[in-house]
Amino acid sequence: MKMATCLRMGMLAGLVAIAGMPAQAADALVGNAGAGESQVASVCAACHGADGNSTDPQYPKLAGQHANYIAYQLESFQSGQRANSIMSGMSSMLSRQGIADVAAYLSQQKTSPGPADEYQPALGKSIYDNGIPSAGLPACISCHGPKGLGDNAKMYPRIGGQHAQYVVQVLTGWHNGKPWGDSPHAKLVVEVAKKLTIEQINAVASYVQGLNATR
Ligand code: HEC
Ligand code: HEC
């Protein structure tokens, strides 16, 4: 009986969504954090952790990430704009409502603090706060904010507390020319990564991981 009520409510929500919204307005769907929690527990937790704080540093933490950004990345994996064989499969099982649900749940979780910066802290902080003007490198702080919290409205991701290993993976990939979509939005940071040396990437990634530990 309970299940039937849920199903009916789900169908009703679906109908309202179809009638009331343009087809592309994925972010306008209202996420159900409870449904998202079950989905994460059954599928995503193996890599990203039940609360979105992955323990294996090759997988990004998703806890506390902006809902808009999570939805945008899941749609990018679905369309193949962001190429990754694992996430292409994982995202393909999510409906647009399913994406809104997991995004709502994960964005409400608390990011676990990363261990404080160990690797070249002065260099990492200097790149993060000031960029490298002589190399035409803008400061990370100008988009990601002083504590790495990003900006939900502009879809700048939260990066504070993220695993350094994952940050290195992403920035090195961009540095080496691995595209991450060709949207102007993605290119904002791809162009930044191309200007960093590998040593600078390691330093700034380590600083980013320790960011919320020093908050
Ligand atoms: C088998 C491991 C695995 C599982 C299970 C998995 N993921 Fe992922 N996820 C990854 C990897 C690896 C990446 C990084 C991909 C890359 O390097 O581009 C990733 C990246 C992501 C990102 C992008 C994060 C960012 O900071 O850019 C999101 C969002 C995401 N996953 C959501 C999910 C959701 C939601 C589920 C469950 C439906 C899920 N993942 C299940 C391995 C997994
Ligand atoms: C001009 C704005 C801008 C600047 C400056 C910038 N970023 Fe970004 N960053 C972005 C945007 C936008 C994205 C999301 C890209 C996309 O997928 O569309 C992003 C994504 C990232 C990601 C991937 C996050 C994830 O989990 O998906 C990392 C890591 C990152 N930036 C680190 C840095 C670092 C380190 C610096 C400084 C060296 C920096 N960024 C400077 C705008 C910027």
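1. Which atom of ligand 2 does a polar side-chain atom of glutamine 73 lie 2.9 Å from? The partner is an oxygen atom of ligand 2, and the reader should keep in mind that this distance, like every other one in this note, comes from a predicted model.

2. Two further polar contacts of ligand 2 can be listed beside that of glutamine 73. In the side chain of tyrosine 72, an N or O atom is 2.4 Å from an oxygen atom of ligand 2, while histidine 144 has a polar side-chain atom that lies 2.9 Å from a nitrogen atom of ligand 2. Two or more residues of the shell around ligand 2 are given by each of the elements α3 (67-79), α7 (141-144), α8 (164-175) and α9 (184-194). The largest share of this shell belongs to α9, with five residues.

3. Histidine 144 deserves a separate point. This residue lies in helix α7, and its NE2 atom, 2.1 Å away, is the single donor that the protein offers to the iron atom of ligand 2. Histidine 144 is also listed, with Tyr69, Tyr72, Cys140 and Cys143, among the residues that come nearest to ligand 2 out of the 24 around it.

4. As to the make-up of the shell around ligand 2, 20 of its residues are nonpolar and four are polar, whereas no charged residue is found there. Both domains take part in this shell, since at least three of its residues are drawn from domain 1 (24-107) and at least three from domain 2 (121-214).

5. Turning to ligand 1, there are 19 residues around it, and those that come nearest are Cys44, Cys47, His48, Arg82 and Met87. By class, the shell around ligand 1 is made up of 15 nonpolar residues, three polar residues and one charged residue. At least two residues of this shell are supplied by each of α2 (33-48), α3 and α4 (85-92), and the largest share, five residues, is that of α3.

6. The polar contacts of ligand 1 involve both nitrogen and oxygen atoms of the ligand. The side chain of histidine 48 has an N or O atom 2.8 Å from a nitrogen atom of ligand 1, and the side chain of arginine 82 places an N or O atom 2.8 Å from an oxygen atom of ligand 1. For tyrosine 166, the distance from an N or O atom of the side chain to an oxygen atom of ligand 1 is 3.4 Å.

7. The last point concerns empty space within the protein. One cavity of 30 Å³ or more is present in the structure, and the largest cavity holds about 60 Å³ of space. Its lining consists of Lys61, Leu62, Ala63, Gly64, Gln65, Thr111, Arg158, Ile159, Gly160, Gly161 and Gln162, of which three are nonpolar, six polar and two charged. Because residues of the lining come from both domain 1 (24-107) and domain 2 (121-214), the largest cavity lies between these domains.

Technical notes:
Residues are numbered from 1 along each chain as its sequence is written. Chains are lettered from A and ligands numbered from 1 in the order in which they are written. This is a predicted model: local features need pLDDT of at least 70, side-chain atom pairs count only at pLDDT 80 or more; totals for chains, interfaces and linings use all residues. Side-chain values use heavy atoms; hydrogens and water are left out. A residue is near a molecule or strand if one of its heavy atoms lies within 4 Å of it. A polar contact is a pair of N or O atoms within 3.5 Å; within protein, one must be able to donate a hydrogen and the other to accept it, and residues adjacent in sequence count only if both atoms are side-chain atoms. Helices (H or I, at least four residues) and strands (E, at least two) are DSSP runs, numbered from the N terminus. Ala, Val, Leu, Ile, Met, Phe, Trp, Tyr, Cys and Pro count as nonpolar, Asp, Glu, Lys and Arg as charged, and the others, Gly among them, as polar. Domain bounds come from an automatic or database domain assignment. Donors are N, O and S atoms within 2.8 Å of the metal (3.2 Å for Na, K and Ca); water is not among the atoms, so sites may look incomplete. On a 1 Å grid over the protein atoms alone, a cavity is a set of points where a 1.4 Å probe fits but cannot get out, and a pocket is an open set with protein on both sides within 12 Å along at least five of seven lines; lining residues have an atom within 4 Å of a point. Grid points are joined across faces, edges and corners, and a volume is the space filled by probe spheres set on the points.
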